[in-house]
Structures are given as structure tokens and as C-alpha cells.
Amino acid sequence: MLSRVAESVYWMSRLVERAENVARFIGVNLNLSLDLPGSSGEGEQWHPLVVTSGDDDAFSQRFGVPTRRNVIRFLALDAENPNSVRSCLATARENARTVRECISEEMWEHLNQFHLMVAEACESRNGEGPVHEPQEFFEKVRQAGQQFLGVTDATMTHGEAWQFCRLGRSIERADKTTRILDVKYYLLLPEPEDVGTPFDSLQWAALLRSAGALQMYRQKHGRITPRDVVDFLVLDLQFPRSVLSCLAQADGALHAITGTPSGTFASAAEQRLGKLHAGLAFTRADEIVAGGMHEFLDSTQRQLNQTGDAVFETFFAPQIS
């Protein structure tokens, strides 16, 4: 497969996943804001979402105060923010357009409609449609993202191009799961007297909803505890949005692409992803909590970024002979 085609389908899939996750975070935060105590400041409620995106500096320079309106504008509408829902879908559509011969007609039609739906919403109500009708907008984005995944798996031949879609989606999903967990544990950590209170449980439940995990978590663990949430969202191999499950999917896709036997490596991408996957597979939730949750998540995010860089160098970077 041409590296140009591989890179396009990889980023197409990764950016759709990113847009869906941003919509999840904001949608759950909108619901949570209705239940928080009246003393909670607007900035305290919305600023963590900007931190989650990794674009805190860019937001501060352009928007300043993290109000609900400013955060939604930045994360949903802003064409200058490459990680906004609008920008992610526009770039994903452009990547799909350049490789239409390699993806199914159904994938192209769905992604094109998805992009147009977001663009039209962002232009409505004087260019701030999602600000005025956020619940409906972000629910549509979340549903469209899930539908694109279903259309991709149901209509695209499960060859190399599909494996690159799977690789990009899995790396992106693992990264976003670590980021939303880090926001709750590190930035929204309650006062000692609040631990275990309904207020604390409310935030943990919102976090699980962000990952679409609340119902499955309750089926397995019942009562919400920080330790069990970490175990479920980081280490549960059967839950498809857990970090470990995503790494297993990414590792499988990478070895399917290269043909290298599982458990071995022949490239920097396989080595870095394999080390991260294996290290997490032999970790327990108690060890993560005892060693520092923020430190663990920060290290995992760095390793995921390094893995993404290695994927680029291995498959997409121009080869100089």
C-alpha cells in the first residue's frame, strides 16, 4: 500500500474518533453542570475540558476566560483550532476524498454527510449554533461517529487499509480515555472531606458516561469507587474503550499490517507499542493508584505520542535512499 493512502485512512479514522470523543466530553459536562453544587464556578467546571484537549495555551491566548460559551466555541466551532469538532471532521473528510478508491462508497457518503451536518450547525444562529443548542448538536456528533465506525467495519474490506483505520482509531481512543480520567483524578479531585460523598460519586459517574462506560461498569462492579473505575477504564480487556483493550486492538492491527509474529517486533512502532501494551497488561489497578494516578496517565500519554511518532516514521515519512 502507498504510504500516502495509508496515512490518509489512518488520520481519517483517528480524527473521526477525536471529534466523537470531544462531543462526548462536552455532552456529559453539560449534564454534569446541572447537578453540581451552586458554589462551583463556571471556569472550574469547563476549564478541565480544555486541559483534556491539550490545547490550554492556545485557548488562553485566544479566548481567555474558560466560560461555557468560550469552551464550546473553541472545542466545537473554531476553524483555527485543529482539534475542534469542526476542524477534525473537515480534515477527516479531506483525507477520505483523496483515497475514495480505497474506502467504501458508504463510508464516503456517511463522512461527507457528517461533515456537512457539523459545518451547517456551526454556521447557524450567527455562526454559533452549537452554543445555543449544545445537547442536540453533541448527541448528533456522538451518534454519527459511532455510525461511521459501524459503516467502516461493515463495508470496508478488512485488509491493510482497514487495519490502518483500526490502528489510528485505537491509538486515539486510548489517548482520550487517559485524558478524561486524568482530568477527574488530578484536576477535579475533591477536598478530602468530599471523598466518597454523593458529589464525588457524581463526578466519577460523569467520567464513566464520557467513555460510554457507566452501564457496563455497574454490571461488573456495582458501586462506584475510584479504584474500580481505574481498573475498568484502564485495565479491563473486555471493555472496548479501556486503555488496555485499545492497545491490544492497535497491537493486533500493527502486526497484521507488518506480518511480524505477535510478541516480536521489526520496527520502532512495533517495539514502542508492544512495550506499552505488555507493561499495561502486567499492571494492577492498586499499583497504578499507589504509584500516582496522574504520573501514570502522563507517562502513558507520552508513550502513546511516541508510538504515534514511530508509526509516522515507519510508514508515512518519506524514505531517503
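This is a short dialogue on reading a predicted model.

Q: What does the secondary structure of the protein come to?
A: The model is predicted, and the protein has 16 helices and zero strands.

Q: How does the radius of gyration of the protein agree with that of a compact globule?
A: The idea is to set the value beside the one expected for the chain length. A compact globule of 321 residues would have a radius of gyration near 20 Å, and the protein, at 19 Å, agrees with this. The C-alpha trace spans about 60 × 50 × 35 Å along its principal axes.

Q: How many of the contacts in the protein join residues at least 24 apart?
A: Counting contacts between residues at least 6 apart in sequence, 65% join residues at least 24 apart.

Q: What part of the protein counts as buried, and what makes up its accessible surface?
A: A residue is buried when its relative accessible area is under 20%. By that cut-off, 53% of the 321 residues are buried. The accessible surface comes to about 14600 Å², and carbon and sulfur atoms hold 49% of that area.

Q: How many positive and negative side chains are there, and how far apart do the centres of the two sets lie?
A: There are 31 positive and 42 negative side chains, with the centres of the two sets 2 Å apart.

Q: Is helix H12 mostly covered or mostly uncovered?
A: Residues three or four places apart in an α-helix point the same way, because the helix has 3.6 residues a turn. Helix H12, residues 226–235, is mostly covered, with eight of its ten residues buried. Among them are the acidic Asp228 and Asp231, together with Phe232 and Leu235. The buried set also includes Val229, Val230, Leu233 and Val234.

Q: Where is Ser245, and is this residue buried or exposed?
A: Ser245 belongs to helix H13, which covers residues 243–258. Because its relative accessible area is 6%, Ser245 is buried.

Q: Which residues does Ser245 contact, and what does its side chain reach?
A: Neighbours within four places in sequence are left aside here; the contacts of Ser245 are then Asp236, Leu237, Phe239 and Pro240. With Leu237 there is also a polar link: the Ser245 side chain reaches the backbone oxygen of Leu237 at 3.5 Å.

Q: Where does Ala317 lie, and is it buried or exposed?
A: Ala317 lies in the segment after helix H16, which runs over 293–316. With a relative accessible area of 10%, Ala317 is buried. Asp55 is 262 residues away from Ala317 along the chain, and their C-alpha atoms are separated by 25 Å.

Terms used
Residues are numbered from 1 along each chain as its sequence is written. This is a predicted model: local features need pLDDT of at least 70, side-chain atom pairs count only at pLDDT 80 or more; totals for chains, interfaces and linings use all residues. Side-chain values use heavy atoms; hydrogens and water are left out. Helices (H or I, at least four residues) and strands (E, at least two) are DSSP runs, numbered from the N terminus. Buried means under 20% relative accessible area, exposed over 50%, partly exposed in between (1.4 Å probe, protein chains only). A polar contact is a pair of N or O atoms within 3.5 Å; within protein, one must be able to donate a hydrogen and the other to accept it, and residues adjacent in sequence count only if both atoms are side-chain atoms. Contact means heavy atoms within 4.5 Å. The radius of gyration is taken over C-alpha atoms; the globule rule is 2.2 Å times the number of residues to the power 0.38. Accessible areas come from the Shrake-Rupley method with a 1.4 Å probe; for residues, only the protein chains shown count as cover. Lys and Arg count as positive and Asp and Glu as negative; His and the chain ends are not counted. The place of a charge is taken as NZ of Lys, CZ of Arg, CG of Asp or CD of Glu.
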